[in-house]
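Visitor: Hi, I'm new to this one. Can you put it up and walk me through a few spots?

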Amino acid sequence: MDWRAAWRIARRDLNGRFRGLRLLLVCLFLGVGALAAIGTLTAAIGGELDAQGQVLLGGDLEVEVWQRPLTGDETAFLERYGTVSQGLRMQATASAGEAAAPVELKAVDTNWPLYGTLMLDGGHRMGAPPPGQAWLAPGAAERLGVRPGDRVRIGSADLTVGGIIAEEPDRLSEGFQLGQTMIVPLDLPQRAGLIAPGSMYETKTRVRFSGAADPHAVEEALQARFPGAGLDITTRDRASPGAERFVGRMGEFLTLVGLAALVIAGIGIGGGVASYLEARRASIATLKILGATSGDIARIYALQVGAAALAGSLAGLAAGVLVTPLLAGALGDLLPVRAGLVIDAAALLRAALFGLLVVLVFAAPPLLRARDVPAMALMRARVAPLARNRRAATWPVGLGLAGIVALSLLGSPQPELTALFLAGAAALLALLAGLGWLIRWLAARAPRPAGPIARAALANLHRPGAATASLVTALGFGLSAFVLLAAVQTSLDANIRRSVPDRAPDYFALDVPRDRLAAFEDIVRDRVPGAVIEAVPTLRGAILSYGPAADPTVVAELEELPEDAWALRGERGLTYSDTLPQGNTLVAGEWWPPGYAGEPLVSVDADLADAIGLEVGDMLTIGLLGVERSARVASLRRIDWESLGFNHVLVFSPNTLKDAPHNVAATIAVPPGASAAGLLRDLALAFPSSSVIEVGPLLVQARAMLGQVALAILAAASVAVLAGIAVLLGAIAAARSQRTYDSVILRVLGASTRQLLLLQLAEFAILAAVLALVALALGSALAWLVMTQLFGFDWLPDWPRVLAVLGGGIALVLAFALGASLPVLRARPAQSLRAL
């Protein structure tokens, strides 16, 4: 029989609504749809980051440095490559009348923006503001109660609101803000008295290349020419490293979850195909009696399964494409992604191939089993279960598995993590298969219960043709998914509560002059009696080298920074203290005594020391305002990062840094029930060069961002739960014919509907009770991997809630199992016996 004839028979036998293969359609729709949506969205965001790198960065290359502008030599070096735009970023406090608000001051020159266009309300396209004017973000204008044409005050300078910002081209590359944006002319900070020795500000110098220069070559040349200048360089191909890391990490996680859902659903696909072929048992036997060969049978039913798989995959692809705009709309304020439909051929092809390969792996064994069995054996399959020739399925299953592995590793940003996931999935399948065999073995040797229902339920677990193995796999995956969902959710909630505590300082004040700290404290206490003020010196510097004095490691010479050594990247906050900071704990070494005047010393965060191999007694050199300063490591500290107070990776002895120009930062904690009305305005008038930041709005923003991450993770995990339920339905469907036969025989022998229902319930309850502990262990292990290894969060599950969700999952699974078994209970004995 050729393929055309096989398709003619397959088409006639295939129901237009895919009756009997709907489970396959649903499983593929879930898995392929999830993978298509994830792949399309991440590809769209990645494409926007690549295509708009120059606009997002504001240039082809950006050089950042703290507390100083670029020197003449540094500027001249950049001007060799093209047009240079200089800018400055700092925190400030804006006021208008009685209103005051913290703002992110963005001072730009007349060349800004080098790429892209600033849009103001009303559709006006603008560049840098003219002298005496400022562009305000909508939130800042609303907080100050001003409109275009009104006056605002920054430091000692008065400005006119020239317009309200509608679209800022380089907003994403600016990073997390402590206030709403206010764009001003480049000379404004100096003219307003905001710039003084020790002020905390950052200069950003951008270059638009005039020729075909390579950004990385320019970066290397700049670092070689000015090795100790503390320059932090960003190129257009990584305009927003934080966004790229987030998108890459989240995309990898969501892809693995989608693949997990597809693999889980694959078990349901196998069960659904086996059930479908069981229902076609008589047709297969008839075709063989009429002369159809084993190859003909394989072609006919492979075409039917292939048609259903293709339909399910196409429906999943369509759903993935259609849901992408909704996801893009939800992320539009956080990440660059185009509105409307996005079609990424590579992502869609990858999702479809995953779906078809999973169908090959799980549908091949039942197809080959039906192909190789003689007609007489098919007729007697009800009383003599068909033998399984596993060797015949080795090639198609092996080919499908190899394709899944290759497709998973191809283009994966974290191939080690992907390989670990695949190995874990294989181990999990093997574990559940072994557990199914063990349950059958134990059930066959367990003492027989006295009650007939319990005795029959126990016998059903090990009788010939029992579906115990598939049910164990289905229940194991389903219950593990419930535990995974609960553990991830509760752990995320706990991390949000710990990372963003309800109680934190009410205000942060930056750039408070050292010689006016007492006046600052008097103003705060006059306006808010009982306020708690904590002040520390603040400086900025970059780690240049570290390690033994005889053989130090130079940061600029490292090809790649050590893992978790984030403090080596660019400049970081520095401070000095006579005493151990509150919330810190010494884990090695000793703290210097008050008034220490000996060799310069430094205390280092213990996590950073572990990451870079730093020990007590080693030397550490920093670049501070263009000057190198070295200190010996005196101690290592464990830092409580969750306190939201002043936490510094490096704390020096006072004699190391006290002579450097610097100011003071302070936190203000308002007593419960006290009012701080007018405090921001008073401080803005008395300290125009300082900036005061309200913590409350920042906590709201941080909670919202973490909440979005949690929602994405939970949504992805929910797909796995749905896939687990689909697997359970597939396992029940695959055994429906056998259960119908058993039910009919028991009814003939006098069993009532109530007894049959109790028998089904007892069988599933025994399996659920055994698998609950397994699911708790498996689901918790997977949740731990997701939280700690993938996202770097702490492992903080709420075990009572996890157990409650597991109990609810068991109840839901039993309800689904009994609901799917109702058609078996409604089978009429006479009609069923005539069909045998």
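Guide: Sure, one term to begin with: buried means under 20% relative accessible area, exposed means over 50%, and partly exposed is in between, using a 1.4 Å probe and protein chains only. This is a predicted model, where local features need pLDDT of at least 70, side-chain atom pairs count only at pLDDT 80 or more, and totals for chains, interfaces and linings use all residues. Residues are numbered from 1 along each chain as its sequence is written, and side-chain values use heavy atoms, leaving out hydrogens and water.

Visitor: OK, is F226 buried or exposed?

Guide: F226 is buried, since its relative accessible area is 13%.

Visitor: And which residues share an aromatic cluster with F226?

Guide: F77, Y81, F209 and F226 make up one aromatic cluster. Rings of Phe, Tyr and Trp (its six-membered ring) pair if their centres lie within 6.5 Å; planes under 30 degrees apart are stacked, over 60 edge-to-face, and the rest tilted.

Visitor: How many aromatic pairs are there in the whole structure?

Guide: Seven turn up in a search of the whole structure. One of them is F77 with Y81, tilted because the ring centres are 5.7 Å apart and the planes sit at 55°. F77 with F226 is edge-to-face, as their centres are 6.0 Å apart and their planes at 85°. That pair links distant parts of the chain, 149 residues apart: F77 is in helix α4 (residues 72–79), and F226 in the loop between α7 (215–225) and β11 (232–235).

Visitor: What are those α and β labels?

Guide: Helices (H or I, at least four residues) and strands (E, at least two) are DSSP runs, numbered from the N terminus.

Visitor: Switching to strands, how many residues of β3 are buried?

Guide: Nine of the 10 residues in β3 (residues 99–108) are buried, so the rest of the structure largely encloses this strand.

Visitor: Which way do β2 and β3 run, parallel or antiparallel?

Guide: Antiparallel, with 10 bridges joining β2 (residues 82–96) to β3; strands pair if DSSP finds at least two bridges between them. They form a hairpin with two residues between them, and G97 in the turn has a positive phi of about 65°. On another pairing, six bridges join β3 to β9 (residues 180–185), and those two run parallel. There, A107 stands opposite V184.

Visitor: Last one: what does E64 touch?

Guide: E64, found in strand β1 (residues 61–66), has contacts (heavy atoms within 4.5 Å) that include E202, K204 and D232, leaving aside residues up to four places away in sequence. E64 counts as buried because its relative accessibility is 13%.
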